Amino acid sequence: MILLEMMKKYEYRKATQADIEELVKTRMIVLRAANKLSDAVDMSEVEQESYVYYKRALETGGHIAYLVYDNGKFIGAGGVSFYQVMPTYHNPSGKKAYIMNMYTAPEYRRQGIAFCTLDLLVKDVKEQGVTQIALEATDMGRPLYEKYGFVKMEEEMFFPGP
């Protein structure tokens, strides 16, 4: 009930090709914040590749994103990318989803906007029959994901490269 009330307060809209500029702009904000990068750091290549990614992935359904507005003012976003791995016992289809690019404008934080956006994304993932959803959490975002029911992974490893 509370979730429905929060969702009525703002406009949550599924992104389309027409929203690519807004998605790329938000992506740059999120990456700068998550990596503690100043505006002086050149992100032009990432920006260009993000545009290419959104154009292709929104068209094919490989990515779903929501944009959030308050009376026409952009205030938040979130997305999910879909990918395929080999089938396993616990995931016979091999389909996986990765939540990313969660953002809420600073003056709108702690109002449930990210929670509502996350809920819309998880529902879309489930509608596609995907049962495995992962994400990387910043210190600021971790409480949100834990509140929703995400748990820390212990088995996964990462190779940082040569």
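A residue is counted as buried when its relative accessible area is under 20%. In the predicted model described here, Asp19 has a relative accessibility of 9% and therefore counts as buried. Asp19 lies in the loop that links strand 1 (11-14) to helix 2. Leaving aside residues up to four places away in sequence, Asp19 is in contact with Arg13, Lys14, Leu67 and Tyr69. Asp19 and Ala65 are 46 residues apart along the chain, and their C-alpha atoms are separated by 9.6 Å.

Helix 2 comprises 15 residues, and the distance from its first C-alpha to its last is 21 Å, close to the 21 Å expected at 1.5 Å a residue. The buried residues of this helix include Ile20, Leu23, Val24, Arg27, Met28 and Leu31. Among the elements that cover the buried residues of helix 2 are helix 3, strand 2 (63-70), strand 3 (73-84) and strand 4 (95-104). After helix 2 comes Lys36, a residue with a positive phi, near 55°.

Two packed helices are described by the angle between their axes and the distance between the axes. For helix 2 (residues 20-34) and helix 3 (residues 44-60), the axes come within 9 Å and cross at roughly 130°. Helix 2 is therefore oblique to helix 3. The crossing of the two helices is right-handed. On the side of helix 2, the contact involves Ile20, Glu21, Leu23, Val24, Arg27, Met28 and Leu31. Helix 3 contributes Val46, Glu47, Ser50, Tyr51, Tyr54, Lys55 and Leu58. By character, the residues of this contact comprise nine nonpolar, one polar and four charged. An α-helix has 3.6 residues a turn, so residues three or four places apart point the same way.

Thr26 also belongs to helix 2. Its relative accessibility is 1%, and Thr26 therefore counts as buried. When residues up to four places away in sequence are not counted, Thr26 touches Phe74, Ala77, Asn101 and Tyr103. Of these contacts, Asn101 is found in strand 4. Asn101 has a positive phi of about 60°, although it is not a glycine. Asn101 is also buried, because its relative accessible area is 6%, under the limit of 20%.

A positive phi in a residue other than glycine is found again at Asn71, where the value is near 50°. Asn71 is placed in the loop between strand 2 and strand 3. With a relative accessibility of 80%, Asn71 counts as exposed, whereas Asn101 is buried.

Helix 4 (residues 113-127) has 15 residues and extends 21 Å from its first C-alpha to its last, close to the 21 Å expected at 1.5 Å a residue. Eleven of the 15 residues are buried, so helix 4 is largely enclosed by the rest of the structure. These buried residues are Ile113, Phe115, Cys116, Thr117, Leu118, Asp119, Leu120, Leu121, Val122, Asp124 and Val125. Ala114 is likewise located in helix 4. Its contacts, not counting residues up to four places away in sequence, are with Met102, Thr104 and Leu144. Ala114 and Ala77 are 37 residues apart in sequence, and the distance between their C-alpha atoms is 7.8 Å. Ala77 is also one of the residues touched by Thr26 of helix 2. Helix 4 is followed by Gly129, whose phi is positive, near 80°.

Terms used. Residues numbered from 1 in each chain as written. Predicted model: local features only at pLDDT ≥ 70, side-chain atom pairs only at ≥ 80, totals over all residues. Heavy atoms only, no water. Axes fitted to C-alpha atoms, helices over the stretch in contact; angles between N-to-C directions. Helix = DSSP H or I, 4+ residues; strand = E, 2+ residues; numbered from the N terminus. Parallel < 35°, antiparallel > 145°, perpendicular 65-115°, else oblique. Left-handed = near helix turned anticlockwise from the far one by under 90°. Contact = heavy atoms within 4.5 Å. Nonpolar A, V, L, I, M, F, W, Y, C, P; charged D, E, K, R; others polar. Expected span 1.5 Å × (residues − 1). Buried < 20%, exposed > 50% of the residue type's maximum accessible area, 1.4 Å probe, protein only.
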